[in-house]
Amino acid sequence: MDSQIEFNSINDSEDDRRLGEILAQAFHASPDYWSDYRDRVGSENFRVLRRGGSILGGLAIYNMGQWWCGNAVPMAGVAAVGISPENRGTGVALELMTRTLQELYDLEIPLSALYPAVQRLYRKVGYERAGIHCQWEVPLVSLLGRDPAGVGFAARTLSVQPVDLASEILRDLYRQQACRNNGNLDRHPGIWQNIVQSESNTVYAYTIGSEGYLIYTQESKQGTSYLSLRDWVATTPGALRSLLTFLANHRSQIETVRWFGSTQNPLAFLLPEQTAKIRQLQWWMLRLIRVDLALAQRGYPMTVENELHLSVRDDLLDGNNGNFILSVSGGKGEVRRGGRGDLQLDSGGLALLYSGLVDPSRLQRMGLIERNDRAIASATSIFAGSEPFLMDFF
């Protein structure tokens with residue numbers, strides 16, 4: 001690390017102003033964006049690098065959680081990594097990320113996730129692609145058919161009622177759904193604020209009985225009108241059908257609906273024809289900051305009784321190096337040092353294994369873990385689960 005560079009928080013109003021300028025320029029944002037974004041994340045959650053008193057760049061940290069097989073594991077969401085133009089390409093971003101990860105390690109934060117503008121930087125510090133952020137679009141008229149069970153969408157079984165955007169009902173229902181989905185966030189308040197507030201459009205919210213909700217705006221861009229689902233939950237088949245019916249009833253004035261989810265999305269799978277299309281797909285990245293805590297606090301399949309001997313290589317966080325034994329029983333994991341080190345992998349391979357995005361046999365074919373048939377079979381059963389995805393962007 002460069003001893004002439006200081007790593008710390010925002011100290012005063014001048015720091016605040018300068019970091020706002022750097023991030024606004026880095027992300028092509030309007031000058032007035034900074035104050036709202038800073039308050040949403042919390043000024044105490046920004047970190048900066050400076051040399052000789054001048055700020056070189058900075059980033060934001062969302063302290064939240066991430067659901068893995070029913071357990072919410074504490075996670076630091078890294079966002080808004082921005083460097084002043086004159087300091088780009090000089091290693092400042094690498095220094096910023098290195099020091100941030102060391103701080104998170106010292107704070108005993110198990111996980112970190114981010115959306116990469118470029119992958120090379122984040123792979124250098126141990127992140128790897130670990131899940132999906134996918135946007136779907138479907139014409140509303142195509143929702144008029146029948147679902148696979150032969151039930152007409154028009155036969156809505158649950159009432160749809162307006163709800164206050166600040167209602168705790170929304171938070172409670174979200175948690176009921178998110179805990180079932182690998183990778184979903186245990187949301188930071190700033191993430192919720194981003195969902196329920198919009199500078200340019202009215203945000204509408206409706207509950208679907210007591211089993212779901214949707215939050216959306218009505219958009220019109222480049223001659224196309226669409227509903228933009230900012231968030232949605234359907235915890236039962238009835239809620240899902242009622243949600244689809246509610247959306248279809250906008251078809252006289254609105255052409256399509258867009259929403260975020262996984263590639264294996266129930267809103268798309270329930271349609272009578274293959275009319276839903278993926279508009280965009282991004283990969284988010286994951287890093288295990290504290291290997292022992294991340295493995296111990298993750299959930300696992302309830303029926304699995306197994307043990308996995310890992311040998312981890314972490315080129316950045318030395319405390320993660322070495323052998324670990326993961327014992328799984330009753331959906332819980334216990335971690336201790338030592339063991340045979342049957343499955344050898346670096347921090348990137350470990351992130352992929354942990355998320356379950358790629359099964360262990362494929363990781364071996366990709367060269368990210370060394371072959372050991374018994375260990376690969378154990379890892380396959382332990383990290384089995386649904387496709388990891390995020391509905392939220394941060």
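Student: How many cavities of 30 Å³ or more does the structure hold?
Tutor: This is a predicted model. Rolling a probe the size of a water molecule over the atoms shows where empty space is left. For cavities of 30 Å³ or more, the count is 1.

Student: How much space lies in the largest cavity, and which residues line it?
Tutor: The largest cavity holds about 40 Å³ of space. Its lining consists of Arg187, Leu229, Arg230, Asp231, Trp232, Phe260, Met391 and Asp392.

Student: What is the make-up of that lining by class?
Tutor: Arg187, Arg230, Asp231 and Asp392 are among the lining residues. No polar residue is present in the lining of the largest cavity. The tally is 4 nonpolar and 4 charged.

Student: Which element gives the most to the lining of the largest cavity?
Tutor: The lining includes Leu229, Arg230, Asp231 and Trp232. Strand E11 covers 224-234. The top contributor, with 4 residues, is E11.

Student: Is arginine 187 buried or exposed?
Tutor: Arginine 187 sits in the loop between E8 and H6. Its relative accessible area is 9%. Buried means under 20%, so arginine 187 is buried.

Student: Which residue's side chain makes a polar contact with that of arginine 187, and at what distance?
Tutor: Arginine 187 touches Met64, Tyr174, Trp192, Ile195, Tyr213, Asp231 and Asp392, leaving aside residues up to four places away in sequence. Asp231 also lines the largest cavity, as does Arg187. The side-chain polar contact joins arginine 187 to aspartate 231, at 2.9 Å.

Student: Which residues of helix H6 are buried?
Tutor: H6 spans residues 189-196. Its buried residues pack against H2, E3, H5, E8, E10 and E11. Trp192 and Ile195 are also among the contacts of arginine 187. The buried set is Gly190, Ile191, Trp192, Ile195 and Val196.

Student: What is the volume of the second largest pocket, and which residues lie nearest its centre?
Tutor: The volume of the second largest pocket is about 290 Å³. The lining has 17 residues. E11 and E12 each supply at least two of them. Nearest the centre are Asn181, Trp232, Gln264, Pro266 and Phe389.

Student: How many charged residues are in the lining of the second largest pocket?
Tutor: The lining is made up of 17 residues. Of these, 7 are nonpolar and 8 are polar. The charged residues number 2.

Student: How far apart are the end C-alpha atoms of helix H7?
Tutor: H7 has 12 residues, 237-248. At 1.5 Å a residue, the span should be 16 Å. The model agrees, with an end-to-end C-alpha distance of 17 Å.

Student: How many of the residues of H7 are buried?
Tutor: The buried residues pack against E7, E9, E10, E11, E12 and H8. Among them are Leu240, Leu243, Leu244, Phe246 and Leu247. H7 is largely enclosed by the rest of the structure because its buried residues number 10 of 12.

Student: What span should H3 have?
Tutor: H3 has 15 residues, taken at 1.5 Å each. Its end C-alpha atoms are 21 Å apart. That agrees with the expected span, 21 Å.

Student: How many residues of H3 are buried?
Tutor: H3 is mostly covered. Its buried residues include Glu95, Met97, Arg99 and Glu103. The count is 11 of 15.

Student: What separates the C-alpha atoms of tyrosine 122 and methionine 97?
Tutor: Tyrosine 122 lies in helix H4. At 6% relative accessibility, tyrosine 122 counts as buried. Its contacts include Met97, Leu114 and Met285. Tyrosine 122 and methionine 97 are 25 residues apart along the chain, yet their C-alpha separation is 8.1 Å.

Student: Where does glutamate 108 lie, and what is its phi?
Tutor: Most residues other than glycine have a negative phi, and most peptide bonds are trans. Glutamate 108 is in the loop between H3 and E5. It is partly exposed, at 47% relative accessible area. Its phi is positive, near 60°.

Student: Is glutamine 222 buried or exposed?
Tutor: Glutamine 222 is in the loop between E10 and E11. Its phi is positive too, near 50°. Exposed means over 50%. With a relative accessible area of 85%, glutamine 222 is exposed.

How values were computed: Residues are numbered from 1 along each chain as its sequence is written. This is a predicted model: local features need pLDDT of at least 70, side-chain atom pairs count only at pLDDT 80 or more; totals for chains, interfaces and linings use all residues. Side-chain values use heavy atoms; hydrogens and water are left out. Helices (H or I, at least four residues) and strands (E, at least two) are DSSP runs, numbered from the N terminus. The expected span of a helix is 1.5 Å times one less than its number of residues. Buried means under 20% relative accessible area, exposed over 50%, partly exposed in between (1.4 Å probe, protein chains only). Contact means heavy atoms within 4.5 Å. On a 1 Å grid over the protein atoms alone, a cavity is a set of points where a 1.4 Å probe fits but cannot get out, and a pocket is an open set with protein on both sides within 12 Å along at least five of seven lines; lining residues have an atom within 4 Å of a point. Grid points are joined across faces, edges and corners, and a volume is the space filled by probe spheres set on the points. Ala, Val, Leu, Ile, Met, Phe, Trp, Tyr, Cys and Pro count as nonpolar, Asp, Glu, Lys and Arg as charged, and the others, Gly among them, as polar. A polar contact is a pair of N or O atoms within 3.5 Å; within protein, one must be able to donate a hydrogen and the other to accept it, and residues adjacent in sequence count only if both atoms are side-chain atoms.
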